Every structure is written in C-alpha cells, then in structure tokens.
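User: Please take a close look at one part of this model, the small open sheet, and then place it beside the other local features worth noting. Plain prose will do.

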Amino acid sequence: GHAVDLGIIAATASVAWANNTTGYAVANGATGNEVILVNVAAGQTLTINVGDGYTPPTYYNTGAGTVSVVAGQKTFTQSISPIPTPNYEYRLYTVTAKGSMDGSVEIVAEGEENATTGSHSYTHSETNQPIAVQVISNDYVEATYYDTLTAADKTVTINLELDTND
C-alpha cells in the first residue's frame, strides 16, 4: 500500500517532504506501492518540496492534475527579536545585489496580528541569490536585513530597535 494518502487536491497547493522511505515503488505510476497516493483535480498542481537529504517520494496520481516533485530544497529562517506586539509585517524580496533594494521583487509578504511568534521560514532551491527582509511595526524602527540564499539551510535573527519617536 501507500505510505501517505493525501486525498483530493482541489486547488493548486504545495507540501513539504522531509522523509526517507524504502521498500516502495521506485517509479511513479499505478502499482499500488508508491509512497504517496493523491488525486489532483484537473487544471491544478501539487508541488512536493523535498528537503535536502531526503528521499524524493514516488506517487500515484489518480486525478487529471499535475504533480511536481522539487528536490534539494533549503530553508531560510528569520527570527525577529523582540516580537512586535500587537502586530507587524514582514516582507522577503529578491534583490540584484546584497545591501541594495535595487531590482527588488517581493516573494513573501505577511502581516502578523496578535503575534506570538517572530519566526518565519522560506523554502527555496536558489543559490547565491541576494535577498532583503523588511520588518515593519508601529513601535520599532523599520528594519531591512540583507543576506544571500545559499545551498544550505540558514537561520538568522533580525534584532529590532525600539522607535523612541512614537
């Protein structure tokens, strides 16, 4: 049988895969022994993002949609300290050069209301891609942190400065 049954995927979606498997079919198909059983609806795509060092799963898609397996994913995690309350926004951009917002393209934008966590992760397969992370809050000075996405997982802390002009 299948190790995982994802059921019906009615809208384009993605899932993270951080598992190693043995004893299952080595090719996608309809043997009944693939790692994942899924029914992706017509016109929809399921993207399976395989974490670095994990086995890409085989799958049996009973639907008319598409399954895409992307291997070698890395995670960039930024922790914000202190956590602005009651809310804040953070944005992640690709940029043309580290240290500059030139050519910026927003790839993640999220508002956090009544935040209890200051940690956010972005899964990617880029290497040597300059990025900028912005943190915006009413009580803290707007922070812009520059870094580079690499071929390894990375965790950083963005330290905020209290805005005394409020």
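Analyst: Asp5 has Leu37 as its bridge partner in β3. The model is a predicted one, and this pair belongs to the contact between β1 and β3, two strands that run parallel and are joined by 5 bridges. On the β5 side, strand β3, residues 36-40, pairs with β5 over 3 bridges, again in the parallel sense. Two of the partners there can be named: Ile36 is matched with Tyr59 of β5, and Val38 is matched with Asn61 of β5.

Put together, these pairings give an open sheet of 3 strands in the order β1-β3-β5, with parallel pairing. Its edges are β1, residues 4-9, and β5, residues 59-61, each of which pairs on one side only. The turn of neighbouring strands in this sheet against each other averages 15 degrees, with direction ignored.

Which residues of β3 make up its covered face, and which its uncovered one? The covered face consists of Ile36, Val38 and Val40, while Leu37 and Asn39 form the uncovered face. The general background is that side chains in a regular strand alternate between the two faces of the sheet. Read against the pairings, Ile36, the partner of Tyr59 in β5, is on the covered face of β3, as is Val38, the partner of Asn61. Leu37, the partner of Asp5, is on the uncovered face.

The largest pocket involves other strands. Its volume is about 200 Å³, and 15 residues line it, with Ala16, Gly51, Gln73, Thr75 and Thr123 nearest its centre. The elements that contribute two or more residues to this lining are β2 (13-17), β4 (45-51) and β6. Of these, β2 gives the most, with 4 residues. By residue class, the lining of the largest pocket holds 6 nonpolar, 6 polar and 3 charged residues.

Three loop residues also deserve a look. Pro82 sits in the loop between β6 (66-81) and β7 (87-94), and the peptide bond that leads from Ser81 to Pro82 is cis, with omega near -10 degrees.

Asn128 lies in the loop between β9 (119-124) and β10 (129-136). Its phi is near 60 degrees, which is a positive value in a residue other than glycine. Asn128 counts as exposed because its relative accessibility is 62%, and the cut-off for that class is over 50%.

Val141 is in the loop between β10 and β11 (143-149). Is Val141 buried, exposed or partly exposed? Its relative accessible area is 36%, so Val141 is partly exposed; the class covers values between the buried limit of 20% and the exposed limit of 50%. Leaving aside residues up to four places away in sequence, Val141 touches Val135, Glu161, Leu162 and Asp163. Asn20, by contrast, is 121 residues from Val141 in sequence and 44 Å from it in space, C-alpha to C-alpha.

Notes. Residues are numbered from 1 along each chain as its sequence is written. This is a predicted model: local features need pLDDT of at least 70, side-chain atom pairs count only at pLDDT 80 or more; totals for chains, interfaces and linings use all residues. Side-chain values use heavy atoms; hydrogens and water are left out. Buried means under 20% relative accessible area, exposed over 50%, partly exposed in between (1.4 Å probe, protein chains only). On a 1 Å grid over the protein atoms alone, a cavity is a set of points where a 1.4 Å probe fits but cannot get out, and a pocket is an open set with protein on both sides within 12 Å along at least five of seven lines; lining residues have an atom within 4 Å of a point. Grid points are joined across faces, edges and corners, and a volume is the space filled by probe spheres set on the points. Ala, Val, Leu, Ile, Met, Phe, Trp, Tyr, Cys and Pro count as nonpolar, Asp, Glu, Lys and Arg as charged, and the others, Gly among them, as polar. Two strands pair if DSSP finds at least two bridges between them. Axes are lines fitted to C-alpha atoms, for helices over the stretch in contact, and angles run from 0 to 180 degrees between N-to-C directions. Contact means heavy atoms within 4.5 Å.
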